[in-house]
Amino acid sequence: MIIGVPKEIKTHESRVSIQPGGVLQLKRNGHEVLVEKGAGVGSGFTDEMYIERGATIIDDVKEVWSKADMIMKVKEPIEVEYPLMKEGQIIFTYFHFAASQELTEAVMKSKCIAIAYETVEKADRSLPLLVPMSEVAGRMAAQEGAKYLEKATGGRGVLMGGIPGVPAANVIVLGGGIVGVNAAKIAAGMGANTTILDINIPRLRYLDDVMPKNVRTLYSTEGTIRNLLPTTDLIIGAVLIPGAKAPSLIRRDMLKEMRPGTVMVDVAIDQGGCFETSKATTHNDPIYIIDDVVHYCVANMPGAVPYTSTLGLTNVTMPYAVQIANKGWKKALADDAELKKGLNIANGKIVYKDVASAFDMEYTPIEEVM
Ligand SMILES: NC(=O)c1ccc[n+]([C@@H]2O[C@H](COP(=O)([O-])OP(=O)(O)OC[C@H]3O[C@@H](n4cnc5c(N)ncnc54)[C@H](O)[C@@H]3O)[C@@H](O)[C@H]2O)c1
């Protein structure tokens, strides 16, 4: 199979879908990899590194799309890429179809085979191709929080770990899932007194067992959160209710209970945010201040660390990509129930229920296209 790797062109996207090591893996399985010139540069991988591993570098992105049996990307195709998708071509990337009817219709029209990273699902309902990005965002949340606690950026001027004789910062993490546990790990590692709040008792029990000594767990209620606010320096929002908008756990009136310069990092902003005053920001302009409280609400946090994010993402996507390339999409999906959940649109038909219902469009059972 010929696998094509176009350069990502969405704003602030520097990740790449295959790192040089992945090329070698595909070559060893008898496939050819075409990489658009400069596709890896944003993540720290030069064209020469790809050539060394056996890739062919192509100048013209149209040639990559027209020759490839499978396109691997990071972000969903954007408008200028719509005409490049072709009938029967496999496109393996993050699509997030439910967020865009225009993209859904363009992919249907192209009759390509759209396998979405975000819906590949394990039997325990976990989403293996989203996990590394949650890990990155969680760890970054503590790092960014520490940065914005500094005075020059509007923060309280508090050092996360304190020093001997001076108390450490108090950090609360709302949600003890993948983002939350990674945020807490870094905050605690910096020496902050860290509290994880969740509504899932078995999860709190587990975290109580495995987290370091300076992390405590609390059951999440409005009363508990309100009690913590006057002594908190950094709040990290990491809740998720699958399939729903994030709940507003910190409402506008609660900002008055915080000290000036408190920092709030809303990682759940991509699901609407878990603070009432959150609105999405970008890496170029990441913060704003309301009632003396610093808000950081970047929707694509992993985009700031493309080297780490690319390696984390490709570690989990490549085993599936190799299966698809070796067997063809029909057999690969038939053999692997996790990967089968990734198929969203094929031959112009929507085969993923949530996408069809998002736009009140016709749903076709997956068996009909396989
Ligand atoms: N901004 C970014 O760049 C970025 C990157 C990755 C993930 N995210 C987002 O981060 C959020 C968290 O993702 P995750 O992978 O950790 O999800 P997860 O499902 O692993 O964890 C969510 C946790 O929230 C808990 N929760 C639900 N309601 C709660 C409440 N009222 N109080 C306290 N806890 C509550 C759940 O019990 C669960 O443990 C999601 O919205 C995800 O989309 C954002």
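This is a short conversation about a predicted model.

Visitor: How do you know that domain 1 and domain 2 are in contact?
Guide: Two residues count as in contact if their C-beta atoms lie within 7 Å. Ten residues of domain 1 meet that test with nine residues of domain 2. The side of domain 1 that touches domain 2 has three nonpolar, six polar and one charged residue.

Visitor: Where do the two domains run, and what separates their centres?
Guide: Domain 1 covers 2-120 + 306-368, and domain 2 covers 131-304. Their centres, taken over C-alpha atoms, are 33 Å apart.

Visitor: What makes the largest nonpolar core a core?
Guide: Such a core joins buried residues of nonpolar kinds, such as Ala, Val, Leu and Ile, through C-beta atoms within 7 Å. Here 108 residues are joined in that way. Leu174, Ala183, Ala187, Ile236 and Val267 have the most contacts inside it. Domain 1 and domain 2 each give this core at least three residues.

Visitor: Which residues does Ile236 touch?
Guide: Leaving out residues up to four places away in sequence, Ile236 touches Ala141, Ala142, Gly145, Val171, Val173, Leu174, Ala183, Val265 and Val267.

Visitor: What makes a residue part of the shell around the ligand?
Guide: Its C-beta atom must lie within 6 Å of the ligand. The shell has 32 residues, and the closest are Ala137, Gly175, Gly177, Val179 and Ser220. Elements α5 (131-148), α6 (178-189) and β8 (193-198) each give two or more residues to the shell.

Visitor: Why is Gly175 called polar?
Guide: Gly counts among the polar residues, so Gly175 is polar. By class, the shell holds 20 nonpolar, nine polar and three charged residues.

Notes. Residues numbered from 1 in each chain as written. Predicted model: local features only at pLDDT ≥ 70, side-chain atom pairs only at ≥ 80, totals over all residues. Buried ≥ 20, exposed ≤ 12 C-beta atoms within 10 Å, placed from the backbone. Domains from an automatic or database assignment. Helix = DSSP H or I, 4+ residues; strand = E, 2+ residues; numbered from the N terminus.
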